[in-house]
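Reader: I'd like to zoom in on one small spot and then see how the rest hangs together. Could you walk me through it, angles and all?

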Amino acid sequence: MNSHNTWSNDRYQKVVEAVAALYVKALKDLPPDVRTALSHAVRRETAAVGRTVLGTIERNIDVADKEDLLICQDTGIPVYFVEVGEYSGVNPVHLEQAIREGTEQATATHPLRSSVVSPVTRKNNQTNSGYRVPVIHWEFVSGRDDVQIVMVPKGSGSENMTYFRMLLPADGVQGIKRFVVESVVGSGGNPCPPVIVGVGIGGSADLCMVLAKKAISRPCGSSNADPEVAGLEGELLQAINASGLGPMGLGGVNTALAVHVEHAATHISQNPVAVNIQCWAARRARLVIASDGSMVVGF
Ligand code: SF4
């Protein structure tokens, strides 16, 4: 076991600091792909009220940039997607601890609002962490020697607009499309549109939901590598934007900036579909830890 634990204690301590910086970066600096998608939305918008809302969103981003403020007051529930390279030499137990400590350090030293409470007592320990939180999803990648951590501070207005349905196989892709469009349109202005719609299809119920969350963490407007799934993304985007719901649900052609679908094989008698919505403040940041121990926070 020790032979795999090649990272020094000093390196884990540096990860704590890097994760703290990662969380703050995610909260303050919108990724370039999201900024570009919002600019395109402004140019595309035909409804006067939609243009006004998008203009306000642009000013919000501008003020956050200039004043070094959070893009939104909701610090979210901290979610991390971790890719561990086969030859990285990391000890996942130590890395998990470092991610938790980094989250707590950012919360204490920035300071950040703590958005995490017990589901039973609603007690907030003011750390943005708690039992089984931060949420950490692990992926193990063959042939790589680095570790990459994508941080998503998931705001509640959009996280509350999350849906899951076990459709019948006979419902087919048509049933999936209907469920996704009805979920997004039924959410109205609650998830702060224009949104990124994350869709999970296939797998088991639990995997399907994780896939929907993974989908919203992709760069805005990126396509699934499978052409048939990418086609479904395009069809869903068109159908959602044809609804006229628009920015903040007040009318317009920009209800969604993108639809991302992640898929997995499933059971012969199952057809699971999950929808996880990401608001316009599609915050995420990436920490890359190279094999030599150097660390870069970016997107
Ligand atoms: S849904 Fe997003 S933009 Fe709306 S309040 Fe929550 S974090 Fe902010």
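Reader: Between which two elements is the loop where cysteine 192 lies?

Author: Cysteine 192 sits in the loop between α6 (172-186) and β5 (195-203). Helices here are DSSP runs of H or I with at least four residues, strands are E runs of at least two, and both are numbered from the N terminus. Before going on, a word on where this comes from: it's a predicted model, with local features needing pLDDT of at least 70 and side-chain atom pairs counting only at pLDDT 80 or more, while totals for chains, interfaces and linings use all residues. Residues are numbered from 1 along each chain as its sequence is written, and side-chain values use heavy atoms, leaving out hydrogens and water.

Back to cysteine 192: its phi is near 55 degrees, a positive value in a residue other than glycine. Its relative accessible area is 29%, so cysteine 192 is partly exposed (buried is under 20%, exposed is over 50%, partly exposed is in between, with a 1.4 Å probe and protein chains only).

Methionine 248 has a positive phi of about 55 degrees too, although it's not a glycine. You'll find methionine 248 in the loop between α8 (227-241) and β6 (256-266), and its relative accessibility of 27% makes it partly exposed. In helix α8 itself there's alanine 230, which counts as partly exposed at 23% relative accessibility. Setting aside neighbours within four places in sequence, alanine 230 is in contact with Ser223 and Asn224, contact being heavy atoms within 4.5 Å. Alanine 230 and glutamate 262 are 32 residues apart in sequence, yet 9.6 Å apart in space, C-alpha to C-alpha.

A positive phi of about 55 degrees turns up at aspartate 68 as well, just after α3. Helix α3 itself (residues 48-67) has 20 residues, which at 1.5 Å a residue should span 28 Å, and the end C-alpha atoms are indeed 28 Å apart. Its buried residues are Gly50, Val53, Leu54, Ile57, Ile61 and Ala64. Down the axis of α3 they fall within an arc of 95 degrees, so they line one face of the helix. As a rule, an α-helix has 3.6 residues a turn, so residues three or four places apart point the same way. Part of what covers the buried residues of α3 is α2 (32-44). On the face turned away from the buried side, α3 carries the exposed residues Ala48, Thr52, Arg59, Lys66 and Glu67.

If you like helix packing, try helix α1 (residues 9-28) and helix α4 (residues 92-109): their axes come within 7 Å and cross at roughly 50 degrees. The two are therefore oblique to each other (under 35 degrees is roughly parallel, over 145 roughly antiparallel, 65 to 115 roughly perpendicular, and the rest oblique). Among the residues making the contact are Tyr12, Val16 and Tyr23 of α1 and His94, Leu95 and Ile99 of α4.

Finally, follow the chain past α4 for some cis peptides. Histidine 110 and proline 111 are joined by a cis bond, with omega about -10 degrees, and proline 111 is in the loop between α4 and β2 (135-141). Valine 133 and proline 134 are joined by a cis bond as well, with omega about 10 degrees, and proline 134 is found in the loop between α4 and β2.

Notes: Expected span 1.5 Å × (residues − 1). Arc of directions from axis to C-beta. Axes fitted to C-alpha atoms, helices over the stretch in contact; angles between N-to-C directions.
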